[in-house]
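Student: Got a minute to walk through this one with me? I'd like to start with how the pieces pack and then hop around a bit.

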Amino acid sequence: MLSDADRMRREQQITDRAAQMQAIQRGLERGKRKRKFNMFVMSTAMLLTAVVVFTSVFLFPSLQKMPPLASPTIQHTDWGQLEQFKKIAAFDSESETIQSAIQRNYVQMVNKSAEKKGYKITVNAVMADENKLLFLYTATTGPHQDNYGVSSMRLMEVSTGRSLGSTSKAGGNGTGSNGNRVWYGRGSLELDRNLPFPEQVEVDFQIASVDTGKLKNVRYSDRLKVKIPLDPKFKAYKTQTLYPNQSFLLDGQKVTISQVELSPLMIRTKFTYDSPKKLDIKTRRAIDHKLLPEGILSQAKERTVMLYALSGRGTGAGYEYIFSSNVLDEPQSLVMRLYRKNHNGEFITVNIK
Amino acid sequence: MTITRVEMKRVTAAHFRDEADFYETILVYREQLYGIAYSYLRNRNDALEALQEMTCRAWIKRKTLKDQKAFKSWIIRILIYVCIDEQRRRKRSVLLSDHQLEEPVTHISHSKMEMLSVLEHVKPKYRHVLLLKYYNDMTLTDIAKVLNKPEGTVKTWQHKGLQQLRAVMKDWGDWSHE
């Protein structure tokens, strides 16, 4: 057991703090939304006027306080049939990627559904490049049930039966066209571009629901599967690789941004440490811990946006971070901003393009 | 439960004035929380999901926490419940089809798989103590606070858990040599 525990700790060392921070942030956003929903359900028992006062006093200000990750321009852009998904953009760090893809018509509309025992999932749209797949989907539940979320979403390549893994997710409840409650979700998954690009994928969902108006009795749907042939245009765009070789010091340790990979849905940056093999584990972990990017400031013709870090992991030579992308907007400059730990308000900025 | 002065200041600062306070306080314990979720679920994505779900539940129920100094034990307790829910969901999940079995979603080493199966056979309340103590380096005092039980009880559960673990491992050893 002790050796198993030790192995588990080693596995954890390569785990990305950005993903953990995002998980906490998403949980908080979900909590805020659910709390608002519970408050709304309670208030239906009151008089209509009381409801109006209640929502205007409590609900609206809390919406105003939500820290928006998406830039305000997203709210003023027409997302066409995907307009309802802007609800996720308010707190989803993938929002700039989706905005850029929609604006450049780099989206495949799908609108395919699967339904079992009152639970229904619809894949509305998909975006892909050789490094990543990104889905927008909606979920509904049967009578007397509220969406609690999509508890699992995994992908398989149809022709080979190869599992592509589970997705990262973001989502929240909204109101559908006929007034029913609908879960609007986004799932994304990294692809290995050394393997053939999948021609057709099967997305396998499981929806979680709770009794209407309660946070009790979580129930799960059967697995709901939707097959999607991917538009060949997605494999046409090849990853562009830059070698900035820009270095900076983190508390005396030299760190170099050695490689940047650019594709429509993802920017991957590789950091290398000075003589990584000579570093003891304690020093190595200290550098990993201090290397914390805020994001990449991307300046394109039309606007400047911040592309946030989505995940990160340790590598043999150092560390790599994955960011959202607006590469389709053809940015003229990309500047990375890293937090300088223990130096309030100061950033390290590095030009990577 | 050990708590630094900075953490104490954050936690006792007037019932989380806003979500930023709440978010920052959870961030303080981020690594430990992730470690606990990982020890229960042994899968990166599921551990991150559990972290997300715990934050969601904790935010909704934050006003039910009477003693702010117990915040850390409280969120760990929520996280354990989330992990238990996920483990139950896994048991209910439909078996994978043959072609999926040929390409497992995650590659788990034989010894890790063996240990996971052995721990599955230990009584749940004992398993909590073993996971928190041996996989997450928590003290018995801290575990007692999380599980809301006297320290003596937790100590007993630890010993009984180890006894069960040894018995199960012995059975496994006998079986594998047949």
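Student: Which strands does helix α6 of chain A lie across?

Tutor: Helix α6, residues 95-103 of chain A, lies across β2 (119-129), β3 and β7 of that chain. Keep in mind that this is a predicted model.

Student: And what angle does α6(A) make with β3(A)?

Tutor: The helix runs at about 95° to β3(A).

Student: What's the strand order in the open sheet of five strands in chain A?

Tutor: The order is β1-β2-β3-β7-β6, and the pairing is antiparallel. At the edges sit β1 (108-116) and β6 (168-175) of chain A, each pairing on one side only. From one strand to the next, the twist averages 20°.

Student: How many bridges hold β3 and β7 of chain A together?

Tutor: Eight bridges, in the antiparallel sense, between β3 (residues 132-140) and β7 (residues 181-190) of chain A. If you want a spot to click on, Y137(A) stands opposite G185(A) in β7(A).

Student: Okay, how far can I trust chain A? What's its average pLDDT?

Tutor: Chain A averages a pLDDT of 80, and 82% of the residues score at least 70.

Student: Where does pLDDT stay under 50 in chain A?

Tutor: Over residues 40-70. For that stretch, the model has 36 contacts beyond four places in sequence.

Student: Switching topic: D211(A). Where does it sit, in terms of secondary structure?

Tutor: D211(A) is in strand β8 of chain A, which covers residues 200-211.

Student: Does D211(A) count as buried or exposed, and why?

Tutor: Buried, because its relative accessibility is 15%, and the cut-off for buried is under 20%.

Student: An Asp in there, then. What does the side chain of D211(A) make a polar contact with?

Tutor: One partner is the side chain of Q145(A), at 3.0 Å. There's also a polar contact of 3.4 Å that joins the side chains of D211(A) and R219(A).

Student: Let's go to β17 in chain A. How many of its residues are buried?

Tutor: Six of the six residues of β17(A), residues 318-323, are buried, so the strand is largely enclosed by the rest of the structure.

Student: Which strands pair with β17(A)?

Tutor: Strand β14 (residues 266-273) of chain A pairs with β17(A) in the antiparallel sense over six bridges. Strand β16 (residues 304-314) of chain A also pairs with β17(A) in the antiparallel sense, over five bridges.

Student: Any residue pairs I should look at there?

Tutor: On the β14 side, the bridge partner of I267(A) is F323(A) in β17(A). For β16, look at G314(A), which stands opposite Y319(A) in β17(A).

Student: How many residues lie between β16(A) and β17(A) in their hairpin?

Tutor: Three residues.

Student: What about β19 of chain A? Which residues are on its covered face?

Tutor: I348(A) and V350(A) are on the covered face of β19(A), residues 347-351, while F347(A), T349(A) and N351(A) are on the uncovered one.

Student: Every other residue, huh. Why do the side chains alternate?

Tutor: In a regular strand, the side chains alternate between the two faces of the sheet.

Student: Which residue is the bridge partner of M336(A) in β19(A)?

Tutor: V350(A) is the bridge partner of M336(A). The strands involved, β18 (residues 333-339) and β19 of chain A, pair in the antiparallel sense over five bridges.

Student: Now chain B. How many helices and strands does it have?

Tutor: Chain B has ten helices and zero strands. Chain A, on the other hand, has eight helices and 19 strands.

Student: And how much of each chain is buried?

Tutor: In chain B, buried residues make up 47% of the 178 residues. In chain A, 56% of the 353 residues count as buried.

Student: How much surface does each chain expose?

Tutor: Chain B exposes about 9,700 Å², with carbon and sulfur atoms supplying 54% of it. Chain A exposes about 15,900 Å², and there carbon and sulfur atoms supply 52%.

Student: Last one: R127(B). Which helix is that in?

Tutor: R127(B) lies in helix α8 of chain B, residues 124-135. It counts as buried because its relative accessibility is 13%.

Student: What is R127(B) in contact with, leaving aside its neighbours within four places in sequence?

Tutor: With L119(B), E120(B) and V122(B).

How values were computed:
Residues are numbered from 1 along each chain as its sequence is written. Chains are lettered from A and ligands numbered from 1 in the order in which they are written. Side-chain values use heavy atoms; hydrogens and water are left out. Helices (H or I, at least four residues) and strands (E, at least two) are DSSP runs, numbered from the N terminus. Buried means under 20% relative accessible area, exposed over 50%, partly exposed in between (1.4 Å probe, protein chains only). A polar contact is a pair of N or O atoms within 3.5 Å; within protein, one must be able to donate a hydrogen and the other to accept it, and residues adjacent in sequence count only if both atoms are side-chain atoms. pLDDT is the predictor's confidence in each residue, from 0 to 100. Contact means heavy atoms within 4.5 Å. Two strands pair if DSSP finds at least two bridges between them. Axes are lines fitted to C-alpha atoms, for helices over the stretch in contact, and angles run from 0 to 180 degrees between N-to-C directions. Accessible areas come from the Shrake-Rupley method with a 1.4 Å probe; for residues, only the protein chains shown count as cover.
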